Every structure is written in C-alpha cells, then in structure tokens.
Amino acid sequence: MVKVAFVEPPALIHKGLVICREKRKNHPFGIFYGENPLDYSFPLLLLEVSSFIIISRLISFLLKPLKQPKIVAKILGGIVLGPSLLSRSEKFHAYMFPDTADFVLQNIGVIGFMYFLFLSGVKMDVTQIKRLSKKHWYIAVIGVVVPLSCSATIAVLEIKSFNKEMAKGSSIWGITASLAMTSFPVLYPIVRELNLLGSEIGRMALSTAIISDVIGMNGVLIFEASKQAEYRAISALWYMISLIVVAASVIWGFRQAMIWIIRTTPEGQQVDQFYIVLILLGVMIAGFITDMFGLAIANGPFWLGLAIPDGPPLGATVVEKSETIVIELLMPFSFMYVGMITDVFTLSGQWSHLKPIFLMILAGYIIKTVSTLIASRFFDMTIRDSLTLSLISSLRGEMELLLFLHWMSFKMIDQSEFTIMVLLTLSVTAILTPLISILYDPTKPYMVNTRRNIQHTSPNTELHVVVCIHSGESLPGLVKVLEVSNPNVSSPLSVYALCLVELVGRSHPMFIDHENTEHIASSAHYNSIHNALKISQQARGNEHIKIHSYTMIAPIRCMYQDICGLALSKKACLIILPLHRQALHDVDGTMRKHSQSMNCNVLTHAPCSVGILLDKGPYENIVNGVFMSLHRLIVLFLGGADAREALTYADRMATNQETFLTVIRFLSHENMGDNDMEKKLDDGLVTWFWVKNEGNSRVIYREVVVKNGEETIAAIQALNKDIFDLWIVGRKHGVNPVILQGFSSWSESNELGVIGEYVASEDFGSTASVLVIQQQILREEEYSSSSLLGRLCIR
C-alpha cells in the first residue's frame, strides 16, 4: 500500500477537482531492467519530436512535386499527430501525449516562436523604409487599409453572432488588423524557397512586407492596450508607460551595446562566443519582461532582433550559430502545439457559429489580394507581376498561428474557430505558393534573342566583360586573363568586376555600386578586393581597360540572377566565372556543390557567352601589381558553337605581340558522326582564322584525326609535353559524339564539360590554368538551315 499525502485544500478534493496520477520519472534504468522507456518523460519527449520531424519531412517529400513550402508540411505534421488524425485514438493520445505533455509542448512551443521571431528581427533591416519609394508605400498601405476596412464591416454586420469576448471592439480590431497584415517573418522563408530573393518581385514583396509589419506592430500594440483598458482604464496608461520604457531600453541601451560589440570585434573575425550566448539569453529575458508588463511575450524577442545590426559580423554570427537549432529543434514543438489544439471534428454541426469568422477571414484574404493587385497595376506593373506580388503578399504562416494562440488565451475564439483559422491559413499558403511559381519566372528577363557573344562582335569595338570574384584568391588569374585579352585603342575592354558575397544574417540582397558615393560607407567591408583591382590597373598603366566595381550580397542559390542581370544591363559579351582548384579536390564536396550550382545556373540563363576559369597559380602579390603574363595559349577545337567561341576569343588574344597560340582541331575518321550544319560552320570559321594568321609565326594550327574518345585523350595527353600557360576549350555544344566516344567515366553534367573536366583534373597532370567557354544560347529561336548564313561569322 502507498501512502499519499494531499496538500491541496480539502474542499477541492470533495468536489472532485483534484486528479491523482502517478508521477513520471525522468530517465529509465534501461530495458534490461524490464522497464519501458516510454513510461518516462524524457524518452517520451524525444519520441514526440522525432515523430513530428519524420512525419513532416515525409509530407514535405510527398508534396515537393506540388511546389509546396516547408511551412505547409510542418502544419500538416502537427495536424497528423493531433486529435484530427492519430490522436483521435484515445490509446495513442494517452500513450504518446499524456496530460502532462501539454505543459511541455506549450512552453517549448512558445519558446520556439520567440526565437523564430528573434531571428526574423535580426535579418530584417527596418532602416530600409527610409530608402523605399512612394510606390512601395502606396502598395503596402492600400494592401492593409482596404482589407482591414472590409473585414471590419463584415464583423460589425455579424456582431450578434459572436460570443461576448469576440464582440468587443478590441477583439474585432485585433482580428481584422491581423488579416490585413503582410508578415515579413512569414514571407521571407517562402520567398527564399521559391528562389525569388534576387528577383525584382521578391525584393518588392519583402520591402512592402516591412512597411506592413510596422503598421501591424502598431495595430497589435493598440489591441493589447485596448485589452488592458477593458480590465481597468489605468492599466492602459501603465501599459503605454511600460511600452515606452522597454522600447527606449532596446533602442538606446541594447542597440548601443550591439554597436559597441561590433566596434570592438577585429575586422574579418567572428564575434566572441561569450557575446552570442549573452544575446541568446537576452531573448529569454526580453520575453519575460514583455510578458510581465502585458506587452505580449513575442514582442520582446522581435524588438531585440530588430535592435541587432543585420549582416556581418554580429547579425551573421547570431543567425549562423542559432538558426538550425531554432528551426529544426524548437519550432517542431510549436507546430505540435498548434496541431494538438487543431481538431477538424469540432467543426461538425458548427456552421452557424463559424460562418461569421469564416466570412471575415475569406473576405480579408481575397480583398487583400485584389487591392494589392489594383494598386500594383496603378503603378504600371505588368498584370503578371502585379498578380504575383498580390499572391506573395497574401501568404500566411507562423505569425498567424502565434496570433491564433494569443486570441485563444484571451478566450476570443474557441477550439472550433481556432481550427478553421488554421485550416484557412494552411489552404491559402498551399494554394498560392504553386501559383506563384507558375506565374513568375525570375529568369525570363534574361531570355534574349540578340546575339551577345565574342564571335559576332566586331573586332574594332569595345568589349564588355562581367568578371565575378569570389575572393582574393581568384583575383590574380582573372586579372591575367583580362590582360592577355589584348585591350587596345581600337578594341578597348570595359570590365564590370562583381565581388560575390554570400548573404548571411540579413534578409535583403544588396547590390553595391562602388562608384556611387552614396554606398561607400555601407560597402567599406568589401572594398579591399576592388582597391586591389585599382592598384593593379594603375601599376600596369593600361588606359584601355576600364574597371567598374560592384559588390553583390545574396544567397548562393540566387546569385546567378544578379550576375545575369548585370550582364544584360551592361550589354556584356562575356561573363567570366572563377572556379578555384580547391573546389575540384573538396573532401566533403560542399565547396564544389555550391560553386557548381551557381555556375550551372549562369550557364543555363546567361544572356551572353560564359567562360569558367580554373586558376592554378601561384602568382605574385597583387598589391605590387606584378603578375607573370600569360604567353603560351592552346585551343582544343572539337567543333560546335562553344569551340567556335573559344577560337574567336583566342584569336583576339593572339593579336598581342607577346602571345603564342597553338590551335589543335580534332576531326573524326572519315567524317563519322559529323553534323553537316555544324561542320560547315566550323570549316568557315577555321578557314577565316587560318587565312588571317597564315603569315603569323606566333600562331600554330594543326589537325588531328581520331576514331574515338580514347584516341582523343591520347592526343591531348601528348600535347601536355609542351609547356602552356592556358588551355582554352569549348564546353560541349555541337561536339561530334564520335570524338568523345568511350568517355563513360567523365560526366557531362558538370560546368566544365567532358574535355574541360579532363584537362583540369589531377590525372592530366598539367599546371596550366583552364578556360572553358560556352557560347551564348539564344532563347526562343529555332536553329534551322535557313539561318545558316546569319550564324556564319564572316570576319
């Protein structure tokens, strides 16, 4: 017999308000002691979160063909575990989610929301509001005011159908304001998943979301103050005083401390771990203080995040150190908490009760989409772009779920109303996201039919080249290629040097023009590479090269959009991308994967020709402006458009009096596998090249006949006996398959092509750099025999 001592008041016991249950222990001794681990709280907690992660990932995998964002899978994962599906079984619910689990899910779930909003605030740059045009302001304000007014009108008409708490003016204001708001923390992850961060529409959507969030924050504060006033009028005054004190502490106290941390951190180094721990602890403290003063527990962490300067070094480090833990470990509890409250069976027979709130939400979402669409059209945006922007602005997610939970705590809504709100939020995001991906293609602006390549550019005109720079290590090789391109009086070189920086710790991509004094202060951290370019140009004294410096800060996934956009706006004929040799021998493949992803996207969507340079160095110090010049070049001409582009570029280099050029043309035995059209184009260009350089002793032309890929490899390997500084090859388009027959061990899917990959490999054993050229791919144009003369280059 177990003796139980009750500490509760006897009156509660007599009324049956005290429930006796066995207290769960934290950790079992083990299954070898005959114990069930799931009878203990901690193993059960691990099973709950593991089950959610597995189920949500499975749902995400199944929904991937439908272009569904992760938020949809996570909400569905919570619903699957909740009373709507698996927990409908009393045995499952009692075993998997006992009564004591509610407390754990609720508290860890709220902590997850707190840190999610904190990180969203860190990435958010509120100061951008000052730089936004009237266009952004009008679209954002109209997208908030119109749906708010319409939803409020419906609420007033249906006010008799609401419960006592919901019928209050403060409650109606809170719900209608949230329906009209576009939340930045919700939009940013979905826009990033859709790869629209670098697009014009993606940037506009995030900019208008910041304005909407500022309006929404004021709406939430009015709602909270009104709720305080319903209790006592003096409470609203104390609320406002507390708000002012907390806001002042964050702006003039915490933010100044963050600026001091940045100032004391040496340039190029990460912020000390001690400060990061203090900041993450501060999130808890901020939540406690705002909850204590009735300012809503999520406001404190969000304001704290806004006070941290975005980007490196501080904002980037905070996000890098904590984002994975927050998103992958804490947020699952948040979605499970939402799923445990969501019960679709509570909707049965409740239509008359749910009709008013359903109409409010539906009208709010539809009218927001329509009003944003009309406002966008007023500013002469295309119908497709306007519709895309309106759909993005109507997306819903984590912020709405947090507000629903907040309203339940005020008893404004019951479980059935909470359920229909969650389902409508889920449905809107699930329907609109694939529509956005269908409507808007961020690569469409780069689909040009105008020839922008070296082959079809007159030799006596200025050549525009976009050069991408990952780091200082890729700079020497790029400078050497530009020098050997032989800029002169009749054919100068206009270079657009674009420094690529990965976006970390901020939401908005940045494009910095270093010749614009307006951005000098903000771009000081990235000036070193561009200063090195200027010093190198001054040391050489070459007035025929004009270098224009830019910096792009964007996610690796969408860097290609800005690269292609710059090439399009500057009418470039060539984009040169660096491929560091360490990427070829990357142990875990991470560096090569990121580099290959960006390079392949540029190759696919570029509005001009593309060159990929594998620089094998080593070189002199660039600060002194001294580099070994490239003198001995070799072109492997295997036929096709890419080979013709490579030969044309090499011919431009050969006009330099200090350059020696060797061209090796590979032909198939008895013309096997030749494409007649490509063969004629190749013959025309090679004939022109040979006639032009017939008397040039610095140019050597040879032809090699091969039967298969094995003989091709042998011939290339034999060429490696001679000393060359740069191998130039066409990537792959138009190459006779017979010449590459038997290359089963080399992949054609990489950015260098089959021959380029072999020449760049360690197996080849060459210390020379490699330049792989791909000629511009014309969009929406059929290559037919009738266009043969138009495509033939007559120099």
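Is Asp-682 buried or exposed? Keep that in mind as you read these notes on what is a predicted model.

1. **Asp-682 and its surroundings.** Asp-682 is buried, because its relative accessibility is 5% and buried means under 20%. You will find this residue in helix 24, which covers residues 676-692. Leaving out residues up to four places away in sequence, Asp-682 touches Phe-637, Gly-639, Gly-640, Arg-644 and Arg-665.

2. **A salt bridge between two helices.** One of those contacts deserves another look. The side chains of Asp-682 and Arg-644 meet in a salt bridge, with 2.7 Å from N to O. This pair links distant parts of the chain, with Asp-682 in helix 24 and Arg-644 in helix 23, 38 residues apart. Both Asp-682 and Arg-644 are buried.

3. **Another partner for Arg-644.** Arg-644 also forms a salt bridge with Glu-678, where the closest N and O atoms are 2.9 Å apart. Here too the pair links distant parts of the chain: Arg-644 sits in helix 23 (residues 641-654) and Glu-678 in helix 24, 34 residues apart. Glu-678 is buried, as is Arg-644.

4. **A salt bridge within helix 24.** Now try Lys-679 and Asp-683, whose side chains meet in a salt bridge at 3.3 Å, N to O. Why are these two separated by about one helical turn? The reason is that Lys-679 and Asp-683 are four residues apart in helix 24. It helps to remember that an α-helix has 3.6 residues a turn, so residues three or four places apart point the same way. Lys-679 counts as partly exposed because its relative accessibility is 22%, and Asp-683 is partly exposed at 26%.

5. **Salt bridges across the model.** How many salt bridges are there? The count comes to 13. Elsewhere in the chain, Lys-123, Arg-192 and Glu-323 are linked in a network of salt bridges.

6. **Thr-425 in helix 17.** Move next to helix 17 (residues 415-439), where Thr-425 has its place. Thr-425 has a relative accessible area of 0%, so this residue is buried. Its side chain reaches the backbone oxygen of Met-421 at 2.9 Å. Not counting neighbours within four places in sequence, Thr-425 is in contact with Tyr-365, Arg-396, Gly-397, Glu-400 and Phe-404.

7. **Helix 18, mostly covered.** Helix 18 spans residues 475-484, and nine of its ten residues are buried. Among the buried ones are Leu-475, Pro-476, Gly-477 and Lys-480. Just after helix 18, look for Asn-486, which takes a positive phi of about 60°.

8. **Cysteines.** How many disulfides does the structure hold? The number is zero. Take Cys-608 as an example: the nearest cysteine sulfur belongs to Cys-573 and is 7.3 Å away. That pair is not a disulfide, because the cut-off is 2.5 Å between the sulfur atoms. With a relative accessibility of 2%, Cys-608 counts as buried.

9. **A nonpolar surface patch.** Finish on the outside of the model. Which residues make a nonpolar surface patch of about 480 Å²? They are Ile-234, Leu-237, Trp-238, Ile-241 and Val-245. Leu-237 is found in helix 10 (residues 233-264). With a relative accessible area of 47%, Leu-237 is partly exposed.

Conventions
Residues are numbered from 1 along each chain as its sequence is written. This is a predicted model: local features need pLDDT of at least 70, side-chain atom pairs count only at pLDDT 80 or more; totals for chains, interfaces and linings use all residues. Side-chain values use heavy atoms; hydrogens and water are left out. Buried means under 20% relative accessible area, exposed over 50%, partly exposed in between (1.4 Å probe, protein chains only). A polar contact is a pair of N or O atoms within 3.5 Å; within protein, one must be able to donate a hydrogen and the other to accept it, and residues adjacent in sequence count only if both atoms are side-chain atoms. Contact means heavy atoms within 4.5 Å. Patches are made of residues with over 30% relative accessible area and no salt bridge: like charges are joined within 9 Å, nonpolar side chains (Val, Leu, Ile, Met, Phe, Trp, Tyr) within 5 Å. Accessible areas come from the Shrake-Rupley method with a 1.4 Å probe; for residues, only the protein chains shown count as cover. A salt bridge is a side-chain nitrogen of Lys or Arg within 4 Å of a carboxyl oxygen of Asp or Glu.
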